[in-house]
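Biologist: I'm new to reading protein models. Could you walk me through one, feature by feature?

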Amino acid sequence: MSHVVHYGSSVFEGIRCYRTPDGPAIFRLQDHIRRLQDSARVLRMDSGYSDAQLAGACLGLVERNGLEECYVRPILLRGVGAAGLDPAASPVDSYIICWPWGAYLGDGALERGVDVCVSSWQRPGPNTHPALAKAGGNYISSQLITMEAVANGYHEGIALAPGGLVSEGSGQNVFLVKRGRLITPAIDGSMLDGITRDCVLELARELGIAVSEQRVPRELLYGADELFFTGTAAEITPIRSVDHVVIGGGAAGPVTRRLQQRLLDIARGRAPDSYGWRTPVRRPESEVAAA
């Protein structure tokens with residue numbers, strides 16, 4: 001009888017914790033928690049917790065489970081109370097889950113890439129579903145995209161926006177490389193503004209790669225020199241073909257590899273974290289003693 005079971009009234013985040021030389025560290029924890037709270041506001045949900053409390057609970061959960069590397073999922077959902085659409089009588093329940101999770105699109109996907117199709121299922125238009133909120137109900141569309149792709153022999157699907165332009169994957173943002181320029185669809189109300197998407201935009205500028213956020217026609221996918229997905233679960237996953245059209249050389253291209261390496265070097269502590277993206281799970285003993 002929980003409201004979420006009947007009507008999909010939940011918001012959630014997916015956050016990765018990486019093994020580093022200094023112990024486990026959660027990647028972009030504060031940004032994920034901020035987006036969780038923003039999503040909750042869109043759905044008129046109040047977690048009852050501050051950003052600091054939720055972030056601290058994520059860190060404590062990973063440490064208590066003794067995990068060096070894992071996926072962390074905080075979720076806010078409407079519980080038992082209301083039987084109809086008006087959720088006012090249902091309390092907002094909060095949970096955080098963590099578990100080990102490898103490559104989202106299968107073993108070897110980060111190295112070899114994946115085959116995708118353009119889905120027959122489109123993303124909802126602006127002012128229909130709140131695409132910028134990471135809401136449970138939004139992912140009915142994602143399930144349909146993925147199921148269709150898998151049933152037809154692909155790893156994943158890419159969805160178009162209502163106007164026929166490229167939107168995103170089922171749970172990933174899309175980037176392409178054309179003549180050395182990195183291109184991704186502009187935020188248009190049909191897609192999630194991904195945190196890994198933001199990482200890639202930042203790192204591209206750092207590496208001197210020209211970047212364009214713009215309208216992306218479907219046919220631009222087929223003529224791309226490189227193509228890849230981004231997402232917390234997917235990280236940076238190369239796309240080797242779209243609708244059986246081979247992209248570039250059918251393997252991860254140099255720009256994709258460069259960005260993938262840079263992102264994972266920061267996340268795994270192999271490179272300095274000049275952006276402040278890593279949050280260590282275990283506080284240094286000097287900080288504990290000072291506290």
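Modeller: Sure, let's begin with helices: here a helix is a DSSP run of H or I with at least four residues, and helices are numbered from the N terminus. Keep in mind that this is a predicted model.

Biologist: Okay, let me try that on V62. Where is V62 placed?

Modeller: You'll find V62 in helix α3, which covers residues 51-64.

Biologist: And how do I tell whether V62 is buried or exposed?

Modeller: You look at relative accessible area: under 20% is buried, over 50% is exposed, and partly exposed sits in between. V62 comes out at 0%, so V62 counts as buried.

Biologist: Then which residues is V62 in contact with, leaving aside its neighbours within four places in sequence?

Modeller: Contact here means heavy atoms within 4.5 Å. By that rule V62 touches C17, I26, L67, C70, V72 and V281, once neighbours within four places in sequence are left aside. Take V72 from that list: V62 and V72 are 10 residues apart along the chain, and their C-alpha atoms are separated by 8.0 Å.

Biologist: Let's move on to charges. How many salt bridges does a search of the whole structure find?

Modeller: A salt bridge needs a side-chain nitrogen of Lys or Arg within 4 Å of a carboxyl oxygen of Asp or Glu. Searching the whole structure that way turns up 16 of them. One of them joins D198 and R28, at 2.8 Å from N to O. D198 belongs to helix α6 while R28 is in the loop between β3 (25-27) and α2, so this pair ties together parts that are 170 residues apart in sequence.

Biologist: What about the surroundings of these two: is each one buried, partly exposed or exposed?

Modeller: R28 is buried, with a relative accessible area of 8%, and D198 is partly exposed at 29%. There's also a network here: salt bridges link R28, D31, R34 and D198.

Biologist: How far apart in sequence are D38 and R41, another pair in a salt bridge?

Modeller: They're 3 residues apart in helix α2, which means about one helical turn separates them. Their side chains meet at 2.5 Å, N to O. As for accessibility, D38 is partly exposed at 36%, and R41 is exposed at 52%.

Biologist: Which parts of the chain does the salt bridge between D115 and R240 link?

Modeller: That bridge, 3.0 Å from N to O, links distant parts of the chain: D115 is in strand β6 (residues 114-118) and R240 is in strand β13 (residues 235-242), 125 residues apart. R240 has 22% relative accessibility, so R240 counts as partly exposed.

Biologist: Now for pockets. What volume does the largest pocket have?

Modeller: Think of a pocket as an open set of grid points with protein on both sides along at least five of seven lines. The largest pocket in this model has a volume of about 700 Å³. Its lining has 43 residues, and K134, Y139, S142, S170 and G171 are the ones nearest its centre.

Biologist: Which element gives the most to that lining?

Modeller: That's α5, with 7 residues. By class, the lining has 16 nonpolar, 21 polar and 6 charged residues.

Biologist: One last try: where is Q261, and how exposed is Q261?

Modeller: Q261 is in helix α8 (residues 254-267). With a relative accessible area of 43%, Q261 is partly exposed. Compare its position with F228: the two are 33 residues apart in sequence and 14 Å apart in space, C-alpha to C-alpha.

Conventions. Residues numbered from 1 in each chain as written. Predicted model: local features only at pLDDT ≥ 70, side-chain atom pairs only at ≥ 80, totals over all residues. Heavy atoms only, no water. Helix = DSSP H or I, 4+ residues; strand = E, 2+ residues; numbered from the N terminus. Buried < 20%, exposed > 50% of the residue type's maximum accessible area, 1.4 Å probe, protein only. 1 Å grid on protein atoms, 1.4 Å probe; cavity = no way out; pocket = protein on both sides within 12 Å on 5 of 7 lines; lining within 4 Å. Points joined across faces, edges and corners; volume = space filled by probe spheres on them. Nonpolar A, V, L, I, M, F, W, Y, C, P; charged D, E, K, R; others polar.
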